[in-house]
Amino acid sequence: MTKPSRKVIITCAVTGAIHTPTMSDALPYRPEDIARQAIEAAEAGAAVLHLHARHPQTGAVSIEPERFQAFLPAIRAATGAVVNLSTGGSLNHTVAERIAPALRFSPEMCSLNMGSMNFSMHPLAQRYKQWKFDWEEPYLRESDGYIFRNTFRDIGMAARALATHGIKFEHECYDVGQLYNLKFCMDSGLFEAPVFIQFVLGILGGIGADLENLVFMKRTADKLFGTGYQWSVLGAGASQMQLAVAAATLGGHVRVGLEDSLQIARGELATSNAQQVAKVRRLLEELGHEIATPDEARAMLALKGADRVAF
Ligand code: KMH
Ligand code: ZN
């Protein structure tokens, strides 16, 4: 069988807003640790770094631009990887608040969440008896009461606010219905093809992390977007590596990182983001895939270039 011609983009999501410091000593939240792990993930093969920020002393979730300022220059100086900033970095802030880092730093990419939903981590609150920080248990326990708000009005506001920045969106779709939301927004002229879609499987509140669901999402995207899209998958938790391999086999790109899974294998905690990147790279290369460099990813996604960011 000839080698697949298309290269696979590995995204690494370094910290996120789901996991808390008690769950893993490997989860970085100090800016120097976020920078170090992001750089090591890029060295291991991640072409794109998806970044959230945290409070440096407590590890609490933060969307304050100053927290991003504490690590972005170091990452930019040490690696040519594409920086993708989160606009979904808090479940209890508005989208207008959540896009502040993207507005301030004008990254090459940023996430854009394509629908409102339950987005809950509350079962995790039962799993630990001792906590490193007081905020962790209530943050997790209260999440069964959150609505992750991303209305059509929110999406439109974010897209228009960011329109002059030349940012490529990573459209996060947690279920098949959100693909239809994206299609509606494209038909309304909000986004132009080709769009870049992150199929998000395995979040409590979104579609389950089953292989059939990945195929269902892809076939629905084929129907809605034809060739006018590129896609990646993130499988949350234990499904991460299996869905990544399946995605590459189906012609997609992959996303790993401690944001969405703390594991390196079932029941075994990862020691770093780079360890997950190295593992998914090894698996994909064993199957004959070639891994895209940052500049190859820029060409494939038509990104604006690292010289046009504001950090
Ligand atoms: N943690 C992922 C399931 C965002 O940052 O905007 C979703 C995510 C959203 O990465
Ligand atoms: Zn994220």
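The questions and answers below look at the surroundings of a ligand and at the cysteines in a predicted model.

User: How are residues and ligands numbered, and which confidence limits apply to this model?

Analyst: Residues are numbered from 1 along each chain as its sequence is written, while chains are lettered from A and ligands numbered from 1 in the order in which they are written. Side-chain values use heavy atoms, without hydrogens and water, and because the model is predicted, local features need pLDDT of at least 70 and side-chain atom pairs pLDDT 80 or more, whereas totals for chains, interfaces and linings use all residues.

User: How far is a polar side-chain atom of Ser86 from an oxygen atom of ligand 1?

Analyst: Ser86 is listed among the closest of the 15 residues that surround ligand 1, where near means having a heavy atom within 4 Å. A polar contact is a pair of N or O atoms within 3.5 Å, and for the side chain of Ser86 and an oxygen atom of ligand 1 the distance is 2.7 Å.

User: How many residues of the shell around ligand 1 are charged?

Analyst: Asp, Glu, Lys and Arg count as charged. The shell divides into four nonpolar residues and seven polar ones, and the number of charged residues is four.

User: Why does Cys12 form no bond with Cys110, the cysteine with the closest sulfur?

Analyst: A disulfide is a covalent bond between the sulfur atoms of two cysteines, and here the pair must lie within 2.5 Å. The structure holds zero disulfides, and the sulfur of Cys12 is too far from that of Cys110 for a bond, because the distance is 18 Å.

User: Is Cys185 buried or exposed?

Analyst: Buried means under 20% relative accessible area and exposed over 50%, with partly exposed in between, using a 1.4 Å probe and protein chains only. Cys185 has a relative accessibility of 2%, so Cys185 counts as buried.

Definitions and conventions: Polar contact = N/O pair within 3.5 Å; in protein donor to acceptor, adjacent residues only side chain to side chain.
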